[in-house]
Amino acid sequence: MLKIGITGNIGSGKTTVSKIFEILGIPVFYADDAAKSVMVADQQLIAEIKAAFGNASYFEDGTLNRKHIAAIVFNNDEQLARLNAIVHPATFRAFDTWVKTISNVPYVLKEAALLFESASFKMCDYNIMVQAPFETRVERVMKRDGLSREEIEKREGYQLSEEKKTKLADFIIKNDDSELVIPQVLALHEKLVIMSLGH
Ligand code: ATP
């Protein structure tokens, strides 16, 4: 069974494309959702977060004090990198545990916004990059989240450029108006099924 990473910059449509793979029967691990779950479930991670950011990181009932953490990492790249350095390994562990529960499929997908930035792409056999032009992505995210252009540009700033990601990716899916997406997904699915046979 192959492990395939799938990523793309903000608003590229990586989640939308991953849902198409799911319809084809491919299990998808959503790393960003998993990161949120492990922050309240992984005892090792909870201890590390408390040690790094204080006991106030959690309420007495065990829920995450998002405001406390956000206040520390907001506009502070060093603290954000510190938080990511703690959370990413826990998310990798969650992915490994999840993979062990799956069988009888040619491959699984790991969908992650920071697949390349977190180096988690190295743990995948191949990686897919979902691409869309910056302006298209800004329009989509403004519509979806009601964010301002400035906020989206700021978030984009935390991600590797599309150019760098494209170089690291094994496969590209174009999610703009230039090509239909579903035929691209079907063609790649067929390719990955064949590749999984020799794995
Ligand atoms: P993020 O990094 O912000 O989580 P994402 O890369 O996962 O974003 P999606 O959430 O899949 O992107 O898509 C962003 C928005 O654009 C969503 O509202 C989605 O419905 C819309 N969208 C995705 N693909 C297309 C498309 N081909 N045409 C029109 N809208 C699209």
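Helices and strands in this tour are DSSP runs, with at least four residues for a helix and at least two for a strand, and they are numbered from the N terminus. The model is predicted, and every distance and area quoted along the way is computed from it.

**Stop 1: the loop after α5**

Begin by selecting Asn104, which you will find in the loop between α5 and β3, the strand that covers 107–111. With a relative accessible area of 80%, Asn104 is exposed, and its phi is near 60°, a positive value in a residue other than glycine.

Keep this loop on screen and add Leu80, whose place is in helix α5, residues 77–100. Is Leu80 buried, exposed or partly exposed? Its relative accessibility is 21%, and because buried means under 20% and exposed means over 50%, Leu80 counts as partly exposed. If you now draw a distance from the C-alpha atom of Leu80 to that of Pro106, the viewer should show a separation of 36 Å for two residues that are 26 apart along the chain.

**Stop 2: another positive phi**

Move on to Ala119, which lies in the loop between β3 and β4. The phi of Ala119 is near 65°, again a positive value in a residue other than glycine, while its relative accessibility of 27% makes Ala119 partly exposed.

**Stop 3: strands β4 and β5**

Select Met129 next, in strand β4, which runs over residues 126–131. Met129 counts as buried, at 0% relative accessibility. Add Lys165 to the selection: Met129 and Lys165 are 36 residues apart in sequence, yet their C-alpha atoms are 7.1 Å apart in space.

From there, select Phe171, which is found in strand β5 and counts as buried at 12% relative accessibility. A distance drawn between the C-alpha atoms of Phe171 and Val130 comes to 8.6 Å, for a pair 41 residues apart along the chain.

**Stop 4: the ligand and its shell**

Now select the ligand, which sits in the largest pocket. The elements that give two or more residues to the shell around the ligand are α1, residues 14–23, and α6, residues 134–145. Which of the elements gives the most to this shell? That element is α1, with 3 residues.

Displaying the surroundings of the ligand as sticks brings up Asn9, Ile10, Gly11, Ser12, Gly13, Lys14, Thr15, Thr16, Arg140, Arg144 and Asn175. By class, the residues of this shell divide into 1 nonpolar, 7 polar and 3 charged.

Three side chains of the shell are worth inspecting one after another for their polar atoms:

- Ser12, where an N or O atom of the side chain is 3.2 Å from an oxygen atom of the ligand.
- Lys14, where an N or O atom of the side chain is 2.5 Å from an oxygen atom of the ligand.
- Thr15, where a polar side-chain atom lies 2.7 Å from an oxygen atom of the ligand.

How much of the ligand does the protein bury? Taken alone, the ligand exposes 630 Å², and the protein buries 66% of that.

**Stop 5: Asn175, at the edge of β5**

Stay with the shell and select Asn175, one of the residues surrounding the ligand, which belongs to the loop between β5 (171–174) and α9 (181–197). Asn175 is buried, with a relative accessible area of 12%. A polar atom of the Asn175 side chain lies 2.8 Å from the backbone oxygen of Ser12, and Ser12 is itself among the residues with a side-chain atom placed against a ligand oxygen, at 3.2 Å.

**Stop 6: from Gly11 to helix α7**

Gly11 is another residue of the shell, and from its C-alpha atom you can draw a distance of 9.3 Å to the C-alpha atom of Ile152, which is 141 residues away along the chain. Ile152 is found in helix α7, residues 149–157, and at 1% relative accessibility Ile152 counts as buried.

**Last stop: Ser57**

Finish at Ser57, in the loop between α3, residues 43–53, and α4, residues 66–73. Is Ser57 buried or exposed? Ser57 is buried, because its relative accessible area is 0%. To see a polar partner for its side chain, display the backbone of Phe53, whose oxygen lies 3.5 Å from a polar atom of the Ser57 side chain.

Key. Residues numbered from 1 in each chain as written. Predicted model: local features only at pLDDT ≥ 70, side-chain atom pairs only at ≥ 80, totals over all residues. Heavy atoms only, no water. Near = heavy atom within 4 Å. Polar contact = N/O pair within 3.5 Å; in protein donor to acceptor, adjacent residues only side chain to side chain. Areas by Shrake-Rupley, 256 points an atom, 1.4 Å probe, with all protein chains shown as cover. 1 Å grid on protein atoms, 1.4 Å probe; cavity = no way out; pocket = protein on both sides within 12 Å on 5 of 7 lines; lining within 4 Å. Sits in = over half its atoms within 2 Å of the grid points. Nonpolar A, V, L, I, M, F, W, Y, C, P; charged D, E, K, R; others polar. Buried < 20%, exposed > 50% of the residue type's maximum accessible area, 1.4 Å probe, protein only.
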